Amino acid sequence: MRYYSTNLKSPEVGLKEAVLKGLAPDNGLYMPDYISGLSTEFFRKLPELSLPEIGFEVTKLLFEDEIDLKTLKEINEDALSFEIPLVSLSENIKTLELFHGPTCAFKDVGGRFIARLMAHLTRGEDNEINVLTATSGDTGSAVASGFYNVEGINVFILFPKGKVSHIQEQQLTTYGGNITAIEIDGTFDDCQKLVKTAFLDKELNEKLTLTSANSINLARFLPQSFYYFSGYGQLGQNPGEVVMAVPSGNFGNLTAGLIAKKMGLPIKRFIAATNVNDVVPEYLNDGEFNPRPSIKTIANAMDVGNPSNFARMLDLFENSHEKMSAEIQGYRLNDEGIRSYMKEIYEQYHYVADPHGAVGYGALKELLKENETGIFFETAHPAKFKDVVDDTLKIDSEIPERLKVFLNKEKKAHNLGIDFNEFKSFLIG
Ligand SMILES: *Cc1c(COP(=O)(O)O)cnc(C)c1O
């Protein structure tokens, strides 16, 4: 398999280069050269397949010629060692709980996968690899957890000061070891810009081997296609027309769904569900894409004003607004709306949803048609947003053990501004 850049101005590369580069030299995002369909046999067996089995079949199509099957199987089994259950709220509304991994957010899927794949691709090399990751809250901890103690790999996590929840901050800043947390006096978009600029800086790249574990990296976003298959499979044989509502920020999650559909998964349509940072729903409406600074919301992991993976979406739909809007519907919800749907799910179904999941729920409530089945993604455990959840629902929600352990650890973070040269000096050390 070869991977091309969405900007089409740099050469195609193999898997190792695509994963280690992260971003292509022309500033584009890597995409697989072709996407084959999965077999009829695969879809017949789908309801019985485990998550690692699904991962194995999907990655076989994408990476087979570059990684031997035994290793591929091990990576999938090791990375996907937790459940992703489909929970029924009503006859036609289901939620896929993506938060049962170690850091309680869906990003564990990609974070664990990329760490194992990168460790495999660089095994036995002398050069240390430096992973730079910008986070709006959840990516950082999933990447930190995935890479913690992986030999030969250093991880730098950039997060916007004061814009992540308390638990998220504890999860980002307490690992130590090969994980360095950097608190940026700015927004998530500023963090993302620093990381992107670092990849394009010639001098820095001569001194250090840099790569990314954001969803700009194809090894982060592609594995997220696995749970679309898994969620669909859990509906049983012949589930009919299925709509997937995806709470979205940087759009890695939704783009992975588009890949699953290309591989043959019969998803009727997607709903791109956002908070007020709604540049993609806006584009779906009127064909105008206007990236702008992000606005802080209670669904902070989706506070993205210039979503990176939009480039991949355009690429998949051949830059056609008409084609994209035929398969993806937009939906946006402000904070008040998010809170009101959190209350509704709780009152109607005794289900505690986090603010991000509630946006997906709202999308289905408003846009699902009578004959359709809808799945919305619960992208994080509600305890990660305990302040908002408890305040909205007037409850004292439970914190799972795997999150509690972070609360008593000591925060260690470096403070930096948004100046690139300052960041660069810090990295060169
Ligand atoms: C990252 C994140 C999202 C947004 O996912 P994208 O792939 O960036 O669109 C949604 N919800 C939660 C809880 C997240 O952590």
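Here are some notes on the fold you see above, which is a predicted model.

1. **Overall build.** Let's start with the whole chain. The protein chain's secondary structure comes to 20 helices and 13 strands. Along its principal axes, the C-alpha trace spans about 60 × 50 × 40 Å. How does the radius of gyration fit with a compact globule? For 429 residues such a globule would have a value near 22 Å, and the protein chain has 20 Å, so the two agree.

2. **The six-stranded sheet.** Try tracing this one strand by strand: the order is E3-E4-E12-E9-E10-E11. This sheet is open, and its pairing is mixed. At the edges sit strand E3 (86–88) and strand E11 (328–332), each of which pairs on one side only. From one strand to the next, the twist averages 25°.

3. **A pairing to look at.** Inside that sheet, strand E4 (residues 93–97) and strand E12 (residues 373–378) run parallel and are joined by five bridges. If you want one pair of residues to find, take Leu96, whose bridge partner in E12 is Phe377. Then look for helix H13 (residues 279–286), which packs on the sheet and touches strand E10 (267–274) and E11. The direction of H13 makes about 130° with that of E11.

4. **The five-stranded sheet.** There is also an open sheet of five strands, in the order E8-E5-E6-E7-E13, and here the pairing is parallel. Which strands are at the edges? They are strand E8 (209–212) and strand E13 (414–416), each pairing on one side only. The twist in this sheet averages 30° from one strand to the next.

5. **Around E7 and E13.** Strand E7 (residues 179–184) pairs with E13 in the parallel sense, over three bridges. Glu183 has Asn415 as its bridge partner in E13. Helix H7 (residues 166–173) packs on this sheet, where it touches strand E6 (153–160) and E7, and its direction makes about 155° with that of E6. Helix H20 (residues 420–428) lies across strand E5 (129–134), E6, E7 and E13, and runs at about 150° to E13.

6. **Holes inside.** How many cavities of 30 Å³ or more does the structure hold? There are three, and the largest has about 240 Å³ of space. Its lining has 25 residues, with Phe106, Lys107, Gly249, Asn250 and Ala301 nearest the centre. Helix H6 (138–147) and helix H12 (252–262) are the elements that give two or more residues to this lining. Sorted by class, the lining of the largest cavity has nine nonpolar, 13 polar and three charged residues.

Conventions: Residues are numbered from 1 along each chain as its sequence is written. This is a predicted model: local features need pLDDT of at least 70, side-chain atom pairs count only at pLDDT 80 or more; totals for chains, interfaces and linings use all residues. Side-chain values use heavy atoms; hydrogens and water are left out. Two strands pair if DSSP finds at least two bridges between them. Helices (H or I, at least four residues) and strands (E, at least two) are DSSP runs, numbered from the N terminus. Axes are lines fitted to C-alpha atoms, for helices over the stretch in contact, and angles run from 0 to 180 degrees between N-to-C directions. Contact means heavy atoms within 4.5 Å. On a 1 Å grid over the protein atoms alone, a cavity is a set of points where a 1.4 Å probe fits but cannot get out, and a pocket is an open set with protein on both sides within 12 Å along at least five of seven lines; lining residues have an atom within 4 Å of a point. Grid points are joined across faces, edges and corners, and a volume is the space filled by probe spheres set on the points. Ala, Val, Leu, Ile, Met, Phe, Trp, Tyr, Cys and Pro count as nonpolar, Asp, Glu, Lys and Arg as charged, and the others, Gly among them, as polar. The radius of gyration is taken over C-alpha atoms; the globule rule is 2.2 Å times the number of residues to the power 0.38.
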